[in-house]
Amino acid sequence: MHIKNFIQGRIIVARLEHGEDIISQFTALAEMNGIETGTLSAIGALSHADLAFYDQSSHEYGIIALNEPMEMASCSGNISLKDGRPFVHAHAVLSDRTGRTHGGHLISGTIFAAELFLQELSGLPLKRVSDSITGLYLWGNE
Ligand code: ZN
């Protein structure tokens, strides 16, 4: 188990840009504000999204392309450093016009409208390192 302690830093609230990619907007906001470690939550609507499911045997992501307007019923994630830069890891639950939901690892999404709360965590930054067991970049023990 890898455990670190942080104290709460700034809380940044943002309305994200229509037509932009949501992961890019999360990342840009972290970079603009010098946030290396944090948590985020967002709600809103996306006009297109790619979710993913990580295959634990093949260690590859399978893409779930959602090519229709979706409500972003929930989106939560975190920010830590990967290769020295802020890296966003986010998951989302998206619902279609019937209320049916799709969930998974959020690869990308075109913003129709989105509202973000970003909580900075102050302390030595979390850093992602390659993990041979899972094939993922997980929080390391630096
Ligand atoms: Zn994920």
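**Close-up views of the predicted model**

**Panel A. Asp83 lies in the loop between E4 and E5.** The model shown here and in the other panels is predicted. Although Asp83 is not a glycine, its phi is positive, at about 55°. Most residues other than glycine have a negative phi. The relative accessibility of Asp83 is 71%, so the residue counts as exposed.

**Panel B. The loop between E2 and strand E3 (60–66) contains His59.** This residue, too, is not a glycine, yet His59 has a positive phi of about 60°. With a relative accessible area of 32%, His59 is partly exposed, because that class covers values between 20% and 50%.

**Panel C. Three histidines, His89, His91 and His105, coordinate the zinc ion.** His89 and His91 each contribute their NE2 atom, whereas His105 contributes ND1, and the distances are 2.0 to 2.1 Å. Along the sequence, the spacing of these donor residues is H-x1-H-x13-H. His89 has a relative accessibility of 23% and therefore counts as partly exposed. His91, at 39% relative accessibility, also counts as partly exposed.

**Panel D. Asn78, a residue of strand E4 (residues 70–82), is shown with its contacts.** Its relative accessibility is 15%, so Asn78 counts as buried. The side chain of Asn78 makes a polar contact of 3.1 Å with the side chain of Arg128. Neighbours within four places in sequence aside, Asn78 touches Gly38, Thr39, Leu40, Phe87, Val88, His89, Arg128 and Trp139. One of these contacts, His89, is also a ligand of the zinc ion.

**Panel E. The charged end of Lys82 sits over the ring of Tyr137.** The distance to the centre of the Tyr137 ring is 4.3 Å. Lys82 also lies over the face of Phe87, at 4.8 Å from the centre of that ring. Phe87 appears in Panel D as well, as a contact of Asn78.

**Panel F. Helix H1 (residues 22–32) is shown with its buried residues and its two ends.** Ile22, Ile23, Gln25, Phe26, Thr27, Leu29 and Ala30 are the buried residues of H1. They pack against strand E1 (7–15), strand E2 (38–55), E4, strand E5 (85–95) and strand E6 (101–122). In an α-helix there are 3.6 residues a turn, so residues three or four places apart point the same way. At the N-terminal end, Asp21 caps H1, with a side-chain oxygen 3.2 Å from the backbone nitrogen of Ile23. Just beyond H1 is Gly34, which adopts a positive phi of about 65°.

**Panel G. The protein chain as a whole comprises one helix and eight strands.** These elements follow the order β-α-β-β-β-β-β-β-β along the sequence. The C-alpha trace spans about 45 × 40 × 20 Å along its principal axes. The radius of gyration of the chain is 15 Å, which agrees with the value near 14 Å for a compact globule with 142 residues. Buried residues account for 38% of the 142 residues. Of the contacts between residues at least 6 apart in sequence, 68% join residues at least 24 apart.

Definitions and conventions:
Residues numbered from 1 in each chain as written. Predicted model: local features only at pLDDT ≥ 70, side-chain atom pairs only at ≥ 80, totals over all residues. Heavy atoms only, no water. Donors = N, O, S within 2.8 Å, 3.2 Å for Na, K, Ca; no water. Buried < 20%, exposed > 50% of the residue type's maximum accessible area, 1.4 Å probe, protein only. Lys NZ or Arg CZ within 6 Å of the ring centre and 35° of its normal. Helix = DSSP H or I, 4+ residues; strand = E, 2+ residues; numbered from the N terminus. Polar contact = N/O pair within 3.5 Å; in protein donor to acceptor, adjacent residues only side chain to side chain. Contact = heavy atoms within 4.5 Å. Rg over C-alpha atoms; globule rule 2.2 N^0.38 Å.
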